[in-house]
Amino acid sequence: MSKTSPSTEYHIPVLLSEVVEGLQIEVGQWYVDGTIGGGGHAAAILAAGGKVLGIDQDAEALAEAERKLQQTKNTTDQIVEYRLVQANFRDLAEVVKTQAVGEVAGVLLDLGVSSHQLDALERGFSFRSDTLDMRMDAGQMVTAADLVARLGEADLTRLFADLGEERYARSMARAIVRAREQQAITSGGQLAEIIYKASPAAYRHGSLHPATRIFQALRLAVNDEIGSLEQVLPQAWSVLSKGGRLVVISFHSLEDRPVKHFMRQLSVLGQAKVLTARPLTATDQELRQNARSRSAKLRVAEKVV
Ligand SMILES: C[S@@+](CC[C@H](N)C(=O)[O-])C[C@H]1O[C@@H](n2cnc3c(N)ncnc32)[C@H](O)[C@@H]1O
């Protein structure tokens with residue numbers, strides 16, 4: 001059982017109606033949810049009459065999705081069909097092939113981590129965590145604690161600059177190297193404190209915790225999130241049938257950029273119609289209800305050939 005913060009929802013799906021509309025769900029067609037998480041978006045796809053092939057690399061997420069989708073199944077008269085597979089979405093095409101679902105009418109990618117992953121202190125994603133793990137897939141070898149313990153100052157600086165876009169990457173890397181000479185850094189709490197102390201005063205009084213970008217960089221590196229995203233995009237496109245939709249939700253510019261470029265290139269090649277000239281963002285109402293939606297950007301492309 002996970003030790004979590006008081007929030008009881010596993011994860012509140014962001015931009016839910018925009019996702020359902022973006023996928024243009026047709027009854028009886030298959031939709032691949034490459035980041036099924038707690039199954040919130042997938043449940044809405046099922047409720048709209050679609051079938052779902054759900055993928056996640058996190059076994060805990062799949063268990064929660066199974067619970068949620070069973071609930072949907074038990075509360076509707078419609079025929080509900082779904083399959084769940086534990087895999088990295090960088091293997092999406094292979095999963096679709098193995099599951100032999102045939103034509104795919106839509107692919108959804110809701111990138112990053114779920115609220116549950118962030119809140120579960122033993123998963124090591126947060127400033128208050130007891131560990132410094134950050135693996136979405138518990139079977140992976142390298143944790144954030146490994147990176148913090150083993151990378152040299154120059155490599156840490158590069159990591160924080162490239163994947164965290166952190167202005168003070170160098171001084172923060174130096175603070176980590178100094179601190180670990182005294183004591184091993186094994187928890188999110190410890191790391192957040194080290195970064196806080198190494199931050200300029202203006203950072204400490206800002207709206208973001210000074211360690212936000214450092215934690216982002218470590219998480220992206222541990223899970224090779226940008227590499228996986230670059231691999232999944234052409235695969236997602238290749239499994240779509242003509243008229244199918246690719247819907248991607250990103251939460252920061254490092255994720256949004258490859259998605260935007262990918263869709264733009266396909267459009268230039270005459271293979272896609274990009275349906276979101278500007279990415280869709282949360283309404284004021286959603287922002288009030290779910291703070292996590294504030295950085296969400298949704299892009300949709302339709303396969304035209
Ligand atoms: C933002 S959550 C998705 C939430 C989901 N849409 C919902 O409604 O509950 C992202 C999920 O994607 C998973 N994930 C992230 N990157 C992945 C990857 N490369 N392969 C498979 N799953 C991934 C995470 O483990 C997490 O459960």
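## Ligand, cavity and pocket

A backbone N or O atom of Gln57 lies 3.2 Å from a nitrogen atom of the ligand. The protein buries 99% of the 600 Å² that the ligand exposes when taken alone. Accessible areas come from the Shrake-Rupley method with a 1.4 Å probe; for residues, only the protein chains shown count as cover.

This is a predicted model: local features need pLDDT of at least 70, side-chain atom pairs count only at pLDDT 80 or more, and totals for chains, interfaces and linings use all residues. Residues are numbered from 1 along each chain as its sequence is written, and side-chain values use heavy atoms, with hydrogens and water left out.

Further polar pairs involve oxygen atoms of the ligand. One such atom is 2.7 Å from an N or O atom in the side chain of Asp56. An oxygen atom of the ligand is also 3.3 Å from a polar backbone atom of Gly39. A polar contact is a pair of N or O atoms within 3.5 Å; within protein, one must be able to donate a hydrogen and the other to accept it, and residues adjacent in sequence count only if both atoms are side-chain atoms.

Around the ligand stand 26 residues, and His41, Asp56, Phe89, Asp110 and Gln117 come nearest. Near means that a heavy atom of the residue lies within 4 Å.

Where does the ligand sit? The ligand sits in the largest cavity. That takes more than half of its atoms within 2 Å of the grid points. On a 1 Å grid over the protein atoms alone, a cavity is a set of points where a 1.4 Å probe fits but cannot get out; a pocket is an open set with protein on both sides within 12 Å along at least five of seven lines; lining residues have an atom within 4 Å of a point.

The largest cavity has a volume of about 400 Å³. Its lining has 33 residues, and Thr35, Asp56, Asp110, Leu111 and Gly112 are the closest to its centre.

The largest pocket holds about 1,100 Å³ of space. Of its 34 lining residues, Leu118, Thr212, Arg219, Arg292 and Arg294 lie nearest its centre.

The table sorts residues by class.

| Group | Nonpolar | Polar | Charged |
|---|---|---|---|
| Shell around the ligand | eight residues | 14 residues | four residues |
| Lining of the largest cavity | twelve residues | 15 residues | six residues |
| Lining of the largest pocket | eleven residues | 14 residues | nine residues |

Key
Ala, Val, Leu, Ile, Met, Phe, Trp, Tyr, Cys and Pro count as nonpolar, Asp, Glu, Lys and Arg as charged, and the others, Gly among them, as polar. Grid points are joined across faces, edges and corners, and a volume is the space filled by probe spheres set on the points.
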